Amino acid sequence: MIKFLRRIASDYKEYILLIVLSIISLTLLSKSEKPAAKQLQTFALGNFALISEITSSFTSVFRRDASLEELREENAALMLNVNRMRNAVLENEQLREMIAFKDTSRYPLIPAKVVSKLVTKIQGNFIINRGSNEGILKGMPVLSQKGLIGLIMDVTENYSIVRTLHNSNLNIAVTLQRTHVDGILNFDGRNLIVKDIPTTYDVQIGDRIETSDFSSLFPPAIPVGIVEKKETNVLGLLHNITIIPFADISSANNLFIMKIVPSKQMNDLEMNLLKQN
Amino acid sequence: MLKQIIKPVLIFIPLALIQLVIIPLISINDIAPNLVFVLIALMTLRNGQAYGTLLGFLLGFLLDIISGGIIGAYMFSFTLSAFIVGYFYNENKIELNTESFFFLLIIFIAGSVNAFIYASVSSDNSDLNFLLMLIEEGFLPGLYTAVFGLPMVIFTPKKGIT
């Protein structure tokens, strides 16, 4: 019997190895959000990101400019102000008061540089050179001077992981600025899509999309993108809206973290939902 | 055996740096080559299927923890694709397999499988178009990865390979 088992093990060792390693991989995959796995990743990331940052500084040597960073920061703050004013104009035009309208421009913006990127079609992640030492927390929004980029998903002392809009596991509550139609934005591997908007709602090509009041992860009125096209489903009852993001996510290099202090309970709830996705 | 593991791990460090810092700059529409996979394929073709599967598992784990991605995703995809590369291993044809254009074909096939598996396991979005994913997350990154196997074919001195 033992001889037989040995012979089997010897003849099929590659297959046995593959099965064992695949089971371990898949087990780790299912437990990747567990604290122990996160701790290990945080440790490795913190050390490796330092080397990445040094390498990254060589690649960006031709575009390093302190004044440029200041201007970018100012630009990002102005972008938020402009968007807020657009909202104000629309409010006046409609002679409607919006209750609990929040001023997003009051949140401080922390400039950050992208240290490394995980480039795949559906798993957009950045590592940036700001961490808990600068007061960065999980769940803080990340933007460029043009618009929303993503969300802080993990933080080490000096570095953070950003889940970008180009990540199919990130769902964001958004609203159409002109008509206040709400929806959930998601990346389908190719485009940013807001699904299942009733065809009776007024949606025009070129409408601006921003974060919604309903999201507790993101403050309202952060510009996200514009409507590129709308497709009606078979029954003709619902639209799927394709969005072009304002921010060039693929080539983003200088980012800003919006230092909001979200409600811890609410944030934990939403982050857990994101992890389940 | 230990030396056979340590050597690729040492090569992995600068390769992972290039993968995470330089490669994003040359990615085309978020389609990027995977240099770590080229290393795994090369080592598998030189040392055999079991060795390659183990190496894929190990380097996949390392890449997972330093890239900020989902732990287990590269582990699984590298393990499977290294196993596939292992089918092309022939100890009498190591040079032919690693220094001829056949090497590029192997990288293309296994690289496509690797990229597709990675995309499949790292996203649970059921709305993703399968065919589109197969092309954009499988074939195209596989093709781009194969391009990075070219230096092996071009710059390695040939010893009578036809």
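1. A quick definition before anything else: a residue counts as buried if 20 or more other C-beta atoms lie within 10 Å of its own, and as exposed if 12 or fewer do. Keep in mind too that this is a predicted model.

2. With that cut-off in hand, have a look at β2(A). Six of its six residues are buried, so the strand is largely enclosed by the rest of the structure. Both of its faces are covered. On one side sit A:Gln123, A:Asn125 and A:Ile127, and on the other A:Gly124, A:Phe126 and A:Ile128.

3. What holds β2(A) on either side? It pairs with β1(A) in the antiparallel sense over four bridges, and five bridges join it to β5(A), again antiparallel. Some register points if you want to check them on screen: A:Leu118 stands opposite A:Asn125, and the bridge partner of A:Val114 is A:Ile128. A:Ile128 also turns up on the β5(A) side, where its bridge partner is A:Ser160.

4. Those strands belong to a closed barrel of six, running β1-β2-β5-β4-β3-β12 in chain A with antiparallel pairing. The twist averages 45 degrees from one strand to the next.

5. Chain A has another six-strand barrel, closing in the order β6-β7-β8-β11-β10-β9, and its pairing is antiparallel. Here neighbouring strands are turned by 40 degrees against each other on average, ignoring direction.

6. The start of that barrel order is worth tracing strand by strand. β6(A), residues 172-176, pairs with β7(A) over four bridges in the antiparallel sense, with A:Val174 standing opposite A:Gly183. The two strands form a hairpin with five residues between them. In that turn, A:His180 has a positive phi of about 55 degrees; I'd give this non-glycine residue a look.

7. Next comes β7(A) (residues 182-187) against β8(A) (residues 192-198), antiparallel and joined by three bridges. A:Leu185 has A:Val194 as its bridge partner, and A:Phe187 stands opposite A:Leu192. This hairpin has four residues between the strands, and the positive phi, near 100 degrees, belongs to A:Gly189.

8. For chain A overall, the secondary structure comes to five helices and 12 strands. Buried residues make up 38% of its 277 residues. Among contacts in chain A between residues at least 6 apart in sequence, 62% join residues at least 24 apart.

9. Now the two chains together. The contact takes 41 residues from chain A and 45 residues from chain B. On the chain A side, α2 (13-30), α3 (35-59), β1 (109-118), β2 (123-128) and β5 (160-167) each supply at least two residues. Which of the chain A elements gives the most to this side? That is α3(A), with 11 residues. Note that β2(A), the enclosed strand from point 2, is on the list as well.

10. The largest nonpolar core has 109 residues, and A:Leu143, A:Ile149 and B:Ala41 touch the most other members. Helix α4 of chain B (residues 73-86) gives the most to this core, with 10 residues. A:Leu143 is a good residue to centre the view on. Not counting residues up to four places away in sequence, it touches A:Ala76, A:Leu148, A:Ile149, A:Ile222, A:Ala247, A:Leu255, A:Phe256 and A:Met258.

11. Over in chain B, helix α1 (residues 2-26) has 25 residues and reaches 34 Å from its first C-alpha to its last, close to the 36 Å expected. There is nevertheless a kink of about 40 degrees in α1(B), centred on B:Gln19. B:Gln19 is itself buried, and other buried residues of α1(B) include B:Phe12, B:Leu15, B:Leu20 and B:Pro24.

12. Last one: B:Tyr89, in the loop between α4 and α5 (94-99) of chain B. Why does B:Tyr89 rank as partly exposed? Because it has 19 other C-beta atoms within 10 Å, while being buried takes 20 or more. Leaving aside neighbours within four places in sequence, B:Tyr89 is in contact with B:Thr44, B:Leu45, B:Gly48 and B:Gln49. The C-alpha atoms of B:Tyr89 and B:Gly52 are separated by 9.9 Å, with the two residues 37 apart along the chain.

Key. Residues numbered from 1 in each chain as written. Chains lettered and ligands numbered in written order. Predicted model: local features only at pLDDT ≥ 70, side-chain atom pairs only at ≥ 80, totals over all residues. Expected span 1.5 Å × (residues − 1). Bend = angle between axes of the 7 residues up to and from the residue. Pairing = 2+ DSSP bridges. Axes fitted to C-alpha atoms, helices over the stretch in contact; angles between N-to-C directions. Core = buried A, V, L, I, M, F, W, Y, C linked by C-beta atoms within 7 Å. Contact = placed C-beta atoms within 7 Å.
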